[in-house]
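I opened the file to look up a helix and the enclosed spaces. My entries are kept short.

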Amino acid sequence: MSDRAGRMTGLRAILEGAVPRVCSAAVALIAVDGAVAAAAATGELVRYADAEGTLAADRPPARRDSIFDLASISKLFTTVVLLSLTEEGRIALDEPAAAWIPGLDRRITLRRLLTHTAGLTPTRRIDLELPTADPAERLAAMLETPITHPVGGPYLYSDVGMIMAGRLAELTGGAPLDVLVRSRVTDVLGLADTGYRPGALPRVAATEWKPERPGPGCVRGEVHDETAYALGGVAGHAGLFATADDLLAFGEALRLGGGPVLRPESVAEMVRDQGAEGAAFRHGLGVRIGDPALAGTPGDGAYGHSGFTGTSLLIDPARQLTVVLLTNAVHPVRGRDGIRELRHAVAGEAQRLA
């Protein structure tokens, strides 16, 4: 067996050991110094027809070009959009966000939103609070969320804060967030399969059984996250879908200094420890640094993010590694065991190949 074949077999064995126990579909890519060193795809994009585990009549296979709900990895795209706006002087990291969103506590700044130190609650089920409201009304209510924790730290992971950050991007960028992500990130990098609200594309992986949603079966082609769905499918904290190759290209752009979407100094600030206390990792702007959930023994400067649906992006500049794992671990129900171990196994294989 050739060395290349051995690499591919090793990663495939890891994914096949987790499918379908951890997730029904998984795609992983490992790039070393910009070249794909290992790639694997296994499982079925739609395996179940309901929450009881009834097998679906049509179970399309996962492929390398399958599209997954990125969940919180969307936060990295929001962050890149905002940093591009800071480069143009449209917004500053430390100016009060109230300059753009009247009524906000003036202690809330973009830096604090991106480091989860603005003192905001982790989440609000705005769909349950305002069941008959439209997305604009719900967003307005989200922006009125009061501070309930200390401002400036300790770290408290908050989707509400990233929703505010996404709205700041819209107000300072002069366009909806999905347009800004497309014009400032995905079009620039040529990420044709990355975007919000993909709809019923046959390449999209299914997520959770949600009988309250329109349409039969498990969610497919619309965002899994309830709050993002209630806001129309586009939000600062969740909503993006992508293929593994697109996410790899995004990660490589960051690893190599941001070109052509950001200046190197912006990426340096993004991946610098911002001093947020109280987390199991260090925090940059929008990214987690040295997060043990992404890799059991991450490199000192390794950074990235995970997503609730079972996704992760890990960038390790010292090892010249970019690692992508896309799964649908919430299909057909959330709370399945093993996704952390799968992330660790893929990261361990990447470190072995580096």
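The entries below cover one helix and then the cavities.

Entry 1. I noted before anything else that this is a predicted model.

Entry 2. I looked up helix 9, which runs over residues 244–255 and has 12 residues. From first C-alpha to last I read a reach of 16 Å, close to the 16 Å expected at 1.5 Å a residue. I then checked its burial: 10 of the 12 residues are buried, and helix 9 is mostly covered. Among the buried residues I listed L247, L248, F250 and L254, and also the charged D246, E252 and R255. After helix 9 comes G257, and I found its phi to be positive, near 105°.

Entry 3. I asked how many cavities of 30 Å³ or more the structure holds. The count is 3.

Entry 4. For the largest cavity I recorded about 50 Å³ of space. I wrote down its lining as L294, S312, L313, L314, V323, L325, R343, V346 and A347. Strand 9 (311–316), strand 10 (321–327) and helix 11 (339–353) each give at least two residues to this lining. I sorted the lining of the largest cavity into 7 nonpolar, 1 polar and 1 charged; the charged residue is R343 and the polar one is S312.

Entry 5. The second largest cavity came out at about 30 Å³. I found it lined by R112, L113, H116, T117, A118, G119, L120, L156, S158 and G161. Here the split is 4 nonpolar, 5 polar and 1 charged. R112 is the charged residue of this lining.

Conventions: Residues are numbered from 1 along each chain as its sequence is written. This is a predicted model: local features need pLDDT of at least 70, side-chain atom pairs count only at pLDDT 80 or more; totals for chains, interfaces and linings use all residues. Side-chain values use heavy atoms; hydrogens and water are left out. Helices (H or I, at least four residues) and strands (E, at least two) are DSSP runs, numbered from the N terminus. The expected span of a helix is 1.5 Å times one less than its number of residues. Buried means under 20% relative accessible area, exposed over 50%, partly exposed in between (1.4 Å probe, protein chains only). On a 1 Å grid over the protein atoms alone, a cavity is a set of points where a 1.4 Å probe fits but cannot get out, and a pocket is an open set with protein on both sides within 12 Å along at least five of seven lines; lining residues have an atom within 4 Å of a point. Grid points are joined across faces, edges and corners, and a volume is the space filled by probe spheres set on the points.
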